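Got the viewer open? Here is a short tour, one selection at a time.

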Amino acid sequence: MSDISELETRITAALERINIGLDQMAEKPAVDTGAQDELKAQLEDERTANAQLTERLSALKSKSDDTAGETEQLKAQLAQAEAAAESLRQANQELRNTNDALREASKTGVVDATLINNAMTAELSALKATQQADRAELDAVLTELSTMAAPKAEEDTHA
């Protein structure tokens, strides 16, 4: 029985402490309205800052995608220019070989029509390769110019 009365005393004391705590909470306001308004303003400021950062991130991703596209285009142009340069090297080497053979034939006094035809064909191939290399270079220059002009055109449309 003494255990029950001891428990009853402890429960009664705990209930009194709870009642005192509830009375104290009822006497003072839960949150100061001025502080609450300030917290709301700070929360709104943070939301605005978050929205601005999200917009900036989106713009940076877009710019990054544009840059990646330009990089791929430049890589393709570089590959085209390298192929044209290789073709030009081969055509020039063929032209040199044919001219050497033609020179040797002219020393003997016997000029073979096939050698002359081969020399003309090699020269024509060299001219075509030169034109392709020039075209690849012009394409690269035009791409660079259009890339440089694009931001200016955007500024003009937004102004």
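Helices here are DSSP runs of H or I with at least four residues, strands are E runs of at least two, and both are numbered from the N terminus. By that count, this protein has three helices and zero strands. Keep in mind that you are looking at a predicted model.

**Stop 1: the whole chain**

Start with a cartoon view of everything. Reading along the sequence, you go α-α-α. The radius of gyration is 43 Å, while the globule rule gives 15 Å for 159 residues, so the protein is more spread out than a compact globule. Line the view up with the principal axes and the C-alpha atoms fill a box of roughly 140 × 55 × 15 Å. Now colour by burial: buried residues account for 9% of the 159 in the protein.

**Stop 2: helix α1**

Select residues 2-27, which make up helix α1. Inside that helix, pick I4. Is I4 buried or exposed? I4 has a relative accessible area of 55%, so it counts as exposed, the cut-off for that being over 50%.

Want a feel for the distances? Draw a line from the C-alpha of I4 to the C-alpha of K63: the two are 77 Å apart in space and 59 residues apart in sequence.

Next, show L7, I11, L15, I18, L22 and M25 as a surface. Together they make a nonpolar surface patch of about 630 Å². One of them, I18, sits in helix α1.

**Stop 3: the negative patch**

Move on to helix α2, residues 33-108. Select D65, D66, E70 and E144, and you have a negative surface patch. Which helix gives the largest share of the patch? Helix α2 does, with three residues. D65 is placed in helix α2, and with a relative accessible area of 56% D65 counts as exposed.

**Stop 4: salt bridges along helix α2**

Side chains of opposite charge can pair when their charged atoms come close. How many salt bridges does the structure hold? There are five, and the tour visits some of them.

- Show K75 and E72 as sticks. Their side chains meet in a salt bridge with an N to O distance of 3.9 Å; the cut-off for a salt bridge is within 4 Å. The two residues are three apart in helix α2, so about one helical turn separates them.
- Go to R89 and E86. The N to O distance in this salt bridge is 3.1 Å. Both residues lie in helix α2, three apart, about one turn of the helix. E86 has 34% relative accessibility and therefore counts as partly exposed.
- Finish with R103 and D100. Their closest N and O atoms are 2.8 Å apart in a salt bridge. This pair, too, is in helix α2 with a spacing of three residues, so the partners are separated by about one helical turn. How exposed are they? R103 is at 48% relative accessibility, which means partly exposed, and D100 is also partly exposed, at 39%.

**Before you close the viewer**

For a last picture, put the two surface patches and the three pairs in one view. You will have the nonpolar patch that includes L7 and M25, the negative patch that includes D66 and E144, and the salt bridges K75 to E72, R89 to E86 and R103 to D100.

How values were computed. Residues numbered from 1 in each chain as written. Predicted model: local features only at pLDDT ≥ 70, side-chain atom pairs only at ≥ 80, totals over all residues. Heavy atoms only, no water. Patch = residues over 30% accessible without salt bridge, like charges linked within 9 Å, V, L, I, M, F, W, Y side chains within 5 Å. Areas by Shrake-Rupley, 256 points an atom, 1.4 Å probe, with all protein chains shown as cover. Lys, Arg positive; Asp, Glu negative; His and termini not counted. Charge placed at Lys NZ, Arg CZ, Asp CG, Glu CD. Buried < 20%, exposed > 50% of the residue type's maximum accessible area, 1.4 Å probe, protein only. Rg over C-alpha atoms; globule rule 2.2 N^0.38 Å.
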